[in-house]
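Please look through the sequence and the structure shown below before reading on. The report is written for a reader who meets this structure for the first time.

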Amino acid sequence: MENLIDLHIHLDGSIPLRTARRLAKLEGLNSIDDTELRRRMTVPPDCPDLNAYLAAFAFPLKLLQTPEAVEITTYDLLTELRSEGVIYAEPRFAPSSLTTSGISQEEVVEAAIAGLQRFIRDQSEDIKVHPEHPTLRAGLILCMMRGRGEEAFRASMDTIHAAKKYLGRGVLAMDLAGAEALFPTREFAPLFSIIRGLDIPFTIHAGEADGPDSIRDAIRFGACRIGHGVRCLENPELVELLCKKQIPLELCPTSNIQTRIFPSFDAFPLRKLLSAGLKITINTDNMTVSDTTLNNEFAKLKEACALTSNEMHMLLTNAKEAAFTHLT
Ligand SMILES: [Zn+2]
């Protein structure tokens, strides 16, 4: 079995079901059964677009509003990823979306790091007893949320400060997430100039709900990777630029189909992306909201796009090279 790597996975969109059950109880929501929990956390089959997809995060976000919930979810998600054969992951979340109880963004980040550290401790105990079990390495990406106005700017600045404070101590990089079509990437130039000045590496969600210009802006800002980026195919010069710079794209096929970028897996342009020579990686985006796993993404690509074992190996090598951690 291949060693899997997930570079694009949102914590709030990937709360394991058993964890959600526990968090719902902590919130006093005792009467919600598993079917209802799943319904509230998974995107509907007739999801019309990215904005409707983003609406499916309302309930998971509600569950994650305490440091305890963030710690538990980080720990449980890493445990789940390890059990699925993932050897490296970079879970990401927006601290600014998890502060409605009045806690600071730093406290949110500290809680996620505590979950990561508890996972690492328990994993090393487990490996002493079961040396044959695989090891999962992980680090966190902090997302700023797209928005406008002074409040949104201040929230992003708090995320930047938290990222700088914990960089190399659990946090690896930053990201920009949210409604790309409503708030174009170019509007975030001042924030990325600050981030560059602080030497924080970053990826940007671009070329998902918005087109090639969004990706071009992300490259201009100095993004090390592009979240999705699949719409680069609309512009041959941009494809050439991405190839020349070997900027990795974090593809998330199921998510793209649910947000209606492509009508089905058969229409996912895997072969075009591969033959263009783009440095692509395969990721889940949101395991619970999208009801997927990395194994499922690869299985679907094998079935619908004739992905070969050699190609899968190459995609995982791309992911290894694109990681924000130096992986040997
Ligand atoms: Zn994403």
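The paragraphs below take up a metal site, the salt bridges and some single residues.

## The zinc site

The model is a predicted one, and the description begins with the zinc ion. Its protein donors are His8 (NE2), His10 (NE2), His205 (NE2) and Asp285 (OD), and these atoms lie 2.1 to 2.4 Å from the ion. Along the sequence the donor residues follow the spacing H-x1-H-x194-H-x79-D. His8 and Asp285 thus link distant parts of the chain, since His8 belongs to strand β1 (residues 4-10) while Asp285 sits in the loop between β9 and α13, 277 residues apart.

Why is the arrangement of the four donor atoms around the zinc ion called irregular? The angles that these atoms subtend run from 83 to 170°, and the arrangement is therefore irregular. For a tetrahedral arrangement, all angles would have to lie between 85 and 135 degrees.

His8 has a relative accessible area of 0% and is therefore buried. Asp285 is likewise counted as buried, because its relative accessibility is 3%, where the cut-off for this class is under 20%.

Asp285 deserves a second look. The loop that holds Asp285 runs between β9 (280-282) and α13 (294-305). Although buried, Asp285 has no salt bridge, and the nearest side chain of opposite charge, that of Arg92, is 6.5 Å away, whereas a salt bridge requires the nitrogen and oxygen atoms to be within 4 Å. The side chain of Asp285 does, however, make a polar contact with the side chain of Ser255, at 2.7 Å. When residues up to four places away in sequence are not counted, Asp285 touches His8, Ile9, His10, Ser14, Tyr53, His228, Cys252 and Ser255; the zinc donors His8 and His10 are thus among the residues that Asp285 touches.

## Salt bridges

The structure holds 18 salt bridges, and the table sets out some of them.

| Pair | N to O distance | Location |
|---|---|---|
| Arg21 and Asp34 | 2.9 Å | helix α1 (residues 17-26) and helix α2 (residues 34-41) |
| Glu150 and Arg154 | 3.2 Å | both in helix α7 (residues 150-166) |
| Arg271 and Glu311 | 2.3 Å | helix α12 (residues 270-275) and helix α14 (residues 309-322) |

The salt bridge between Arg21 and Asp34 links distant parts of the chain, the two residues being 13 residues apart. Arg21 counts as partly exposed because its relative accessibility is 33%, and Asp34, with a relative accessible area of 28%, is partly exposed too.

Glu150 and Arg154 are placed otherwise, for these two residues lie four residues apart in helix α7, which is about one turn of the helix. Is Glu150 buried or exposed? With a relative accessible area of 61%, Glu150 is exposed, while Arg154, at 49%, counts as partly exposed.

The side chains of Arg271 and Glu311 meet in a further salt bridge, which again links distant parts of the chain, 40 residues apart. Arg271 has a relative accessible area of 35% and is therefore partly exposed, whereas Glu311 is buried, with a value of 17%.

Beyond these pairs, Glu90, Arg92, Asp175, Arg225 and Glu250 are linked in a network of salt bridges. Arg92, a member of this network, is the residue named above as having the nearest side chain of opposite charge to Asp285.

## Further residues

Arg82 has its place in helix α5 (residues 67-83) and counts as buried because its relative accessibility is 14%. Leaving aside neighbours within four places in sequence, Arg82 is in contact with Phe119, Gln123, Asp126, Ile127, His133, Pro134, Thr135 and Leu136.

Gly170 lies in the loop between α7 and β5 (171-177) and is buried, with a relative accessible area of 17%. Outside its neighbours within four places in sequence, Gly170 is in contact with Ile113, Leu116, Gly139 and Leu140. From Gly170 to Glu110 the C-alpha to C-alpha distance is 9.0 Å, with their positions 60 residues apart in sequence.

Two residues stand out by their backbone angles. Arg260, in the loop between α11 (253-258) and α12, has a phi near 70°, a positive value in a residue other than glycine, and at 40% relative accessibility Arg260 counts as partly exposed. Asp291, in the loop between β9 and α13, also has a positive phi, of about 50°, although it is not a glycine, and Asp291 is exposed, with a relative accessible area of 56%.

Terms used. Residues are numbered from 1 along each chain as its sequence is written. This is a predicted model: local features need pLDDT of at least 70, side-chain atom pairs count only at pLDDT 80 or more; totals for chains, interfaces and linings use all residues. Side-chain values use heavy atoms; hydrogens and water are left out. Buried means under 20% relative accessible area, exposed over 50%, partly exposed in between (1.4 Å probe, protein chains only). Lys and Arg count as positive and Asp and Glu as negative; His and the chain ends are not counted. A polar contact is a pair of N or O atoms within 3.5 Å; within protein, one must be able to donate a hydrogen and the other to accept it, and residues adjacent in sequence count only if both atoms are side-chain atoms. Contact means heavy atoms within 4.5 Å. Donors are N, O and S atoms within 2.8 Å of the metal (3.2 Å for Na, K and Ca); water is not among the atoms, so sites may look incomplete. Four donors count as tetrahedral if all angles lie between 85 and 135 degrees; four count as square planar and six as octahedral if opposite donors are over 155 degrees apart and all others between 65 and 115; anything else is irregular.
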